[in-house]
Amino acid sequence: MPTRDQVLQILDLARWAPSGDNTQPWRFEIIAPEHVVVHGFDTREHCVYDLDGHPSQISLGALLETAAIAASAHGLGLEISRRNELPESTPTFDVHLHADPSVRPDPLIDQIERRSVQRRPLSTRALSAAEKQQLQDCLPAGYKVHWLEGFTNRLQTALLMFRSARLRLTTPEAYRVHCDIIEWDCQFSATKVPDQALGVDAATTRLMRFVMKSWGRVQFFNRFLAGTWAPRLQMDFAPSLACAAHFVLYAPSQPKTVDDYVHAGRAMQRFWLKATELQLQLQPEVTPLVFARYAREQRPFSTIGNAMAAAADVKARLELLIGAELARTAVYMGRVGAGPNPSSRSLRRPLEDLIINRPAGASS
């Protein structure tokens, strides 16, 4: 049987799973050493990028995969079941741990804490056939990688990211999210994204901080002073050119359910950890997938009148780049390449802040 110390060690590693804007949408309840409840939640009530909960569900999948990798170091297997009777906005999982002689330590365990986001320029050295094959082979059955390589594909992706970023920087709903998630004058943050990790120079950081003091100020700068150009060029266009390749992870079929997106998150985490093992840096590029999905589903997401038309434009550009069928089955997108480790990054809440302690006899 697992011990409580083993469970704490597993959860202490699992909490390093990636989540959108470092929201960490999970809490842990230890019922017994062999039974942990993962209480998930999404951010649909206040995050324009998570209106259907799918990005948070992908993060929860990454958490569960990280827990499984961490458990393998103790010779433990996991049985995971979701409580289907609960709302989709609060995905809750029963995780049962058991000794399994067939379980061997997963070699990706050493990459869990090393894995991070690098928003700075990366090497344009092309990935080798061996690197790409290892990244493909680490994925669960049915998942595949679509590569966007070479200058022409990187340029087309840069233009897609540039257009998507304009939508991201000109809607009040996204503005509120950005105000909430950036921690200024900060190299490391346990709950947010430090400004030094955004990938912009010091002058642009100061400008962004000044402009973001109010939505009215944002509107003025966007309308009269080309306020979106500097951050879009530095955060989206230039990095899209300065990398080895962009990638799109796609599922065997179009994801529709909570479990589909959780499974996609498990695949994504293995891909990211394998990239880290190969000494590659990675940056997610998920907003085009989000806006394209909103356009495809005709899901209103902003009070700005032309927002849906702009999302439709992102959808059309994405489909031109990778094809309509692949766009429907895509679950994750990013850029990858060799490069230095980031000097600034998001950390995580202490484990004790993530554990739910209930009075004896209370229902879970």
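Okay, let's start on helix H11, where Arg317 and Asp313 both sit, 4 residues apart, or about one turn of the helix. Those two form a salt bridge, and their closest N and O atoms are 3.0 Å apart. Just so everyone knows, we're looking at a predicted model here.

If salt bridges are new to you, the idea is simple: side chains with opposite charges can pair when their charged atoms come close.

So is Arg317 buried, exposed, or something in between? Its relative accessible area is 33%, so Arg317 is partly exposed. Asp313 comes out at 23% relative accessibility, and that makes Asp313 partly exposed too. The cut-off for buried is under 20%, so Asp313, at 23%, doesn't make it into that group.

Now stay with Asp313. Which other residue does Asp313 form a salt bridge with? That would be Arg163, and there the closest N and O atoms are 3.2 Å apart. This pair ties together distant parts of the chain: Arg163 is in helix H4, residues 150-169, while Asp313 is in helix H11, residues 307-322, and the two are 150 residues apart. Arg163 has 37% relative accessibility, so we call Arg163 partly exposed.

Next up, helix H12, which covers residues 324-329. Glu325 and Arg328 are both in there, 3 residues apart, again about one turn of the helix. They form a salt bridge as well, with the closest N and O atoms 2.6 Å apart. How accessible is Glu325? It's at 49%, so Glu325 counts as partly exposed; the exposed label needs over 50%. Arg328 is at 29%, which means Arg328 is partly exposed.

Okay, zooming out for a second. How many salt bridges does a search of the whole structure find? The answer is 18. Some of them join up, too: Glu65, Asp106, Arg266 and Arg270 are linked in a network of salt bridges.

Last stop, and we're leaving salt bridges behind: Gln134, over in helix H3, residues 129-137. If you skip the neighbours within four places in sequence, what does Gln134 touch? Gln134 is in contact with Lys274 and Leu278. Try finding Ala275 on the screen as well: Gln134 and Ala275 are 141 residues apart in sequence, yet their C-alpha atoms are 8.8 Å apart in space. As for accessibility, Gln134 is at 34%, so Gln134 counts as partly exposed.

That's my tour, thanks for listening!

Technical notes: Residues numbered from 1 in each chain as written. Predicted model: local features only at pLDDT ≥ 70, side-chain atom pairs only at ≥ 80, totals over all residues. Heavy atoms only, no water. Buried < 20%, exposed > 50% of the residue type's maximum accessible area, 1.4 Å probe, protein only. Contact = heavy atoms within 4.5 Å. Salt bridge = Lys/Arg side-chain N within 4 Å of Asp/Glu carboxyl O.
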